[in-house]
Amino acid sequence: MADQTDETIEAEIVGLAEQYSRQGVNGLISVIRERVARDPNGKSLYLFTARDYIKLAGNLDEWPDSAQVQDGWVNFQLDEQVGWEGNDHVARARIFVVQGGLGLLVGRDVHDLMVVKRLIERAINWGMGITLALALIGGIMMSRSTAKRIEVINQISRKIMDGNLALRIPGRGTGDDFDQLAENLNQMLDRIVQLMDGIRHVSDNIAHDLRTPLTRLRNQLESALISAEKEEDREQISTAVAEADKLLSTFNALLRIARLETGGKVAKPEALDLSQLMCDAVELYEALAEDKNQTMTMNIQSGVTTLGDKDLLFQVMSNLIDNAIKYTPEGGKISLQLIESEEGVCFEVADSGIGIPEDEKDKVFQRFYRVAKSRSLPGNGLGLSLVLAVIAMHKGEINLANANPGLKVSVKLPKSEL
Amino acid sequence: MRVLVIEDDKDVAAYLVKGLQECDHVVDHTLDGKDGLLLAASEQYDIMIIDRMLPGMDGLSIIKTVRATGNRTPILILSALGDVDDRVEGLRGGGDDYLTKPFSFTELLARMDALLRRGSSQAEQVTSLNLADLEMDLLSRVVKRGGQKIDLQPREFRLLEYLMRHAEQVVTRTMLLEQVWDYHFDPQTNVIDVHISRLRSKIDKEFDKPLLQTVRGAGYILSEK
């Protein structure tokens, strides 16, 4: 805006300079008077002075204080003394020294311009302020709703990870990014469920297709056993039946582990008396330990309960106790413990047997993995895989430690929630 | 006995029918689920053996339909689906017992006998069981053989009680785990054998005639023969 004012002033100066070159000082004076007269309240300011600032022409009475007679631009206040109405009138002008000490000031009252400028500035400031405030409020609201929706997605995905695969993330129907995300996640879940159903279906079919011929095999062996007359033949056939049974139990255990792992959670959790469960398991296996002259010591806290699957947890306990008896030599010690604490329920099976080397502790949970020293003993290497699958499904933890000598297996289960 | 067998595997079915006929049962057999339901609904049987996966109509639907008509004939489910969940589903659906494939024929017969006997023995309240010179008083919980008192642990008592209730029948290890210990699980070792041998040493050791015998490839039998 200041540039525009300057340009106007320059243009006027060009006009005045023309007059001056054509008609000299008098011409300039008359042109200035003429211009002032034509527009007495105009925005143009003129002052043509002789030496000592004596006014020759123009609509300003006095030379402004701040301005010397020197070529250049100047800004100054127009006050009433200068013969102008109103306060704080700002003007901008150019000063020329015309030959022999004559001074010419050509300027413009930029008060209105300043007012407009100030108005615009104020408008811009307010505008900016309001915009910022709105943006801030909007931003907070947006981020709140975003956080809320992310929280919804998080909550649901946690539930899904807990095994509730039927859940889906709800969309709001707005078709925004979150809806698209939810839609994609849902489609992914559908696909996973489809694949898992596929696996389940395949394992069911394997179960059916493989067990049926095995049934026939076992049936035929059984009829052969019944009709066999020589004791020698009977011996051989019953060994074959036992082998077929072993094959089947390995196969069943594999299928069972696969089912447990894909299932993810306990199908029908019930409140269980773990103390009772452990006593039953001990009672079942005590005889086995006595046959090996092993001493079994117990510290079973009574009334310890949890939520879970009775048969599966019994399987876990019997597998652990069975292992302890199997891998502990004659005359060894086995100690069992069941305690309830703040953190949850913990049962331990410790033995004085061959133990598990440190670097093999993770591997023993793999299917078919057997510690070198135990290969000569019967077993299929699936017992601990099954234990791990059941414990994982109950949201528990299993830990193997050295009992020096021997092994200590600790299983922690959450108190009573699943 | 009249037995209905609904089983789609021809070999298994043929083996079953032959085996059952050899045991003097009258057997009707069908390979198809719908025909099976028709037979089950229209004829009178003493026991039905039904496979779960069948063409036409699945076994569980047949059982549910049969039960819905008020038919209480004992049903033994025979299936390749052997998970605890599957068994529970089968038993809740109306089956009386569940046998997983592959099965031993002896076990099938043993379970059939148990099912048939359950129907009759439940009516009468028994207070004592006897086999040869072995007596069990269920009220005082005293066991005697040849008048001599035998001390048994509570679990040994239940084991012997089950064997005596099913005297002269083959009892399998799985049946014992289910009935005496009340757990469905897969023992890794011969833990049942150990319990049986302990029981045997208590009831048979000092006597001339052994009563508790092992049936090779199947289980045990308590018999005076």
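Select Glu18(A) and Arg22(A) to begin: their side chains form a salt bridge, with N and O 3.5 Å apart. The model on display is a predicted one. Because the two residues are four positions apart in helix α1 of chain A, about one helical turn separates Glu18(A) from Arg22(A). Glu18(A) is partly exposed at 42% relative accessible area, whereas Arg22(A), at 56%, counts as exposed.

**Salt bridges within chain A**

Remain on helix α1 and select Glu12(A) together with Arg108(A). A salt bridge joins these side chains, at 3.9 Å from N to O. This pair connects distant parts of the chain: Glu12(A) belongs to helix α1 (residues 2-38), Arg108(A) to strand β5 (residues 102-109), and their positions lie 96 residues apart in chain A. Glu12(A) is buried, with 11% relative accessible area, while Arg108(A) is partly exposed at 22%.

Next, select Asp190(A) and Arg168(A), whose side chains meet in a salt bridge of 2.6 Å, N to O. Asp190(A) is located in helix α3 (residues 177-227) and Arg168(A) in the loop between α2 (111-161) and α3 of chain A, so the salt bridge ties together parts that are 22 residues apart in sequence. Asp190(A) is partly exposed, at 39% relative accessibility; Arg168(A) is likewise partly exposed, at 26%. Over all chains, a search of the whole structure yields 33 salt bridges.

**The network and the sheet of chain B**

Move to chain B and select Arg87(B), Asp97(B), Glu107(B), Arg111(B) and Glu178(B). A network of salt bridges links these residues.

Now display strands β6 to β9 of chain B. They form an open sheet of four strands in the order β6-β7-β8-β9, paired antiparallel. The edges are occupied by β6 (128-131) and β9 (148-150) of chain B; each has a single partner strand, so one side of each has no neighbour in the sheet. On average, and with direction ignored, neighbouring strands of the sheet are turned by 20° against each other.

Within the sheet, select β7 (residues 134-137) and β8 (residues 142-145) of chain B, which pair in the antiparallel sense over four bridges. Here Glu135(B) is placed opposite Lys144(B) in β8(B). Add helix α6 (residues 154-165) of chain B to the selection: this helix packs on the sheet and touches β6, β7 and β8 of chain B. The direction of the helix makes about 115° with that of β7(B).

**The interface of chains A and B**

Display both chains and select the residues in contact: 40 residues of chain A meet 38 residues of chain B. The size of an interface is often expressed as the accessible area lost when the parts come together. Between chain A and chain B the buried area is about 3,800 Å², with carbon and sulfur atoms giving 50% of it.

How many salt bridges are found across the interface of chain A and chain B? There are five. For an example, select Asp280(A) and Arg155(B), which form a salt bridge with the closest N and O atoms 3.3 Å apart. Polar contacts across this interface comprise 13 residue pairs, with both residues at pLDDT 80 or more.

Finally, colour the side of chain A that touches chain B by element. The elements giving two or more residues to this side are α3, α4 (231-263), α5 (274-291) and α6 (310-326) of chain A. The largest share, 13 residues, comes from α3(A).

Notes. Residues are numbered from 1 along each chain as its sequence is written. Chains are lettered from A and ligands numbered from 1 in the order in which they are written. This is a predicted model: local features need pLDDT of at least 70, side-chain atom pairs count only at pLDDT 80 or more; totals for chains, interfaces and linings use all residues. Side-chain values use heavy atoms; hydrogens and water are left out. A salt bridge is a side-chain nitrogen of Lys or Arg within 4 Å of a carboxyl oxygen of Asp or Glu. Buried means under 20% relative accessible area, exposed over 50%, partly exposed in between (1.4 Å probe, protein chains only). Two strands pair if DSSP finds at least two bridges between them. Axes are lines fitted to C-alpha atoms, for helices over the stretch in contact, and angles run from 0 to 180 degrees between N-to-C directions. Contact means heavy atoms within 4.5 Å. Buried area is the accessible area (1.4 Å probe) that two parts lose on being put together, summed over both. A polar contact is a pair of N or O atoms within 3.5 Å; within protein, one must be able to donate a hydrogen and the other to accept it, and residues adjacent in sequence count only if both atoms are side-chain atoms.
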